[in-house]
Amino acid sequence: MESLANLRVILESRPSRTVDEQALFMQLSPLYLEKIAAAERVGEQRGELRGEQRTVILLLMQKFDVLPNDLVTQIESLNQEQLQSLIAAVLSLSLIADLSDWLDAHSS
């Protein structure tokens, strides 16, 4: 993607372009924008996942006061579907042992 960006910048900076350069530029622009959009989607997904991890950890800390580091690590390794399932289960967990059992049963 960096190469695409560099080539695009070089072509943009030229005061006059040949027909071939103009055609190449027109082909690169959508490809470049598509690559940027894909990278943004990946970043958004990572951000959503991290936000859900933080939400679950905060909810569990409110419920149990202290959350052992090993359980935090397990929560941080859950995928988005598992995290959403854990969010739904938070109210039914009474003890840290219940959380540990839930994580053992649902972790990959």
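Trainee: Which exposed residues does the face of α5 turned away from its buried side carry?
Mentor: Keep in mind that this is a predicted model. Start from the buried side: Leu99, Trp102 and Leu103 are buried in α5. These three cover an arc of only 95° around the axis, so they sit on the same side of α5. The face turned away from that side carries the exposed residues Asp104 and Ala105.

Trainee: What pattern does the chain follow along the sequence?
Mentor: Count the elements before ordering them. The chain has five helices and zero strands. Read along the sequence, the pattern is α-α-α-α-α.

Trainee: What percentage of the residues of the chain count as buried?
Mentor: Begin with the surface. The chain exposes about 7,400 Å², and carbon and sulfur atoms supply 55% of that area. A residue must be under 20% relative accessible area to count as buried. Of the 108 residues of the chain, the buried portion is 27%.

Trainee: Which element gives the largest share of the largest nonpolar core?
Mentor: In soluble globular proteins, nonpolar side chains tend to be buried together. The largest nonpolar core here has 17 residues, and Leu60, Ile75, Leu86, Leu99 and Leu103 have the most contacts inside it. Elements giving two or more residues to this core are α2 (19–64), α3 (69–76), α4 (80–89) and α5 (96–106). The largest share, four residues, comes from α2.

Trainee: With which residues is Leu103 in contact, leaving aside its neighbours within four places in sequence?
Mentor: Place the residue before listing its partners. Leu103 is one of the buried residues of α5. Leu103 is also among those with the most contacts inside the largest nonpolar core. Beyond its sequence neighbours, its contacts are Leu71, Gln74, Ile75, Leu78 and Leu86.

Trainee: On the other side of α3, which residues are exposed?
Mentor: Find the buried side as before. In α3, Leu71, Val72 and Ile75 are buried. Their arc around the axis is only 105°, which puts them on the same side of α3. Exposed on the other side are Asn69 and Thr73.

Trainee: At roughly what angle do the axes of α3 and α5 cross?
Mentor: Two packed helices are described by the angle between their axes and the distance between the axes. At this pair, Leu71, Gln74 and Ile75 in α3 meet Ile96, Leu99, Ser100, Leu103 and Asp104 in α5. The crossing is left-handed. The axes of α3 and α5 come within 11 Å, and they cross at roughly 35°.

Trainee: Why is Val72 classed as buried?
Mentor: Val72 lies in helix α3. Not counting residues up to four places away in sequence, Val72 touches Ile57 and Leu67. Buried means under 20% relative accessible area. Val72 is buried because its relative accessible area is 16%.

Trainee: What distance separates the C-alpha atoms of Val72 and Leu60?
Mentor: Leu60 is among the residues with the most contacts inside the largest nonpolar core. Val72 is in α3. The two residues are 12 apart along the chain, and their C-alpha atoms are separated by 9.7 Å.

Trainee: Which exposed residues lie on the face of α4 turned away from its buried side?
Mentor: The buried residues of α4 are Gln82, Leu83, Leu86 and Ala89. Seen down the axis, they fall within an arc of 120°, so they line one face of the helix. The face turned away from them carries Glu81 and Ala88.

Trainee: How far apart in space are Lys63 and Leu91, C-alpha to C-alpha?
Mentor: Lys63 is found in helix α2 and is partly exposed, with a relative accessible area of 33%. Not counting residues up to four places away in sequence, Lys63 touches Val90, Leu91 and Leu93. Lys63 and Leu91 are 28 residues apart in sequence, and their C-alpha separation is 8.8 Å.

Trainee: What is the phi of Asp65 near?
Mentor: Asp65 is found in the loop between α2 and α3. At 63% relative accessibility, Asp65 counts as exposed. Its phi is positive, in a residue other than glycine, and is near 70°.

Trainee: Among contacts between residues at least 6 apart in sequence, what percentage join residues at least 24 apart?
Mentor: Take a pair as an example: Lys63 touches Leu91, and these two are 28 residues apart in sequence. Among contacts in the chain between residues at least 6 apart, those joining residues at least 24 apart make up 61%.

Key: Residues are numbered from 1 along each chain as its sequence is written. This is a predicted model: local features need pLDDT of at least 70, side-chain atom pairs count only at pLDDT 80 or more; totals for chains, interfaces and linings use all residues. Side-chain values use heavy atoms; hydrogens and water are left out. A nonpolar core is a set of buried Ala, Val, Leu, Ile, Met, Phe, Trp, Tyr and Cys residues joined through side-chain atoms within 4.5 Å. Buried means under 20% relative accessible area, exposed over 50%, partly exposed in between (1.4 Å probe, protein chains only). Contact means heavy atoms within 4.5 Å. The arc is that of the directions from the helix axis to the C-beta atoms. Accessible areas come from the Shrake-Rupley method with a 1.4 Å probe; for residues, only the protein chains shown count as cover. Axes are lines fitted to C-alpha atoms, for helices over the stretch in contact, and angles run from 0 to 180 degrees between N-to-C directions. A crossing is left-handed if the near helix is turned anticlockwise from the far one by less than a right angle, and right-handed if clockwise.
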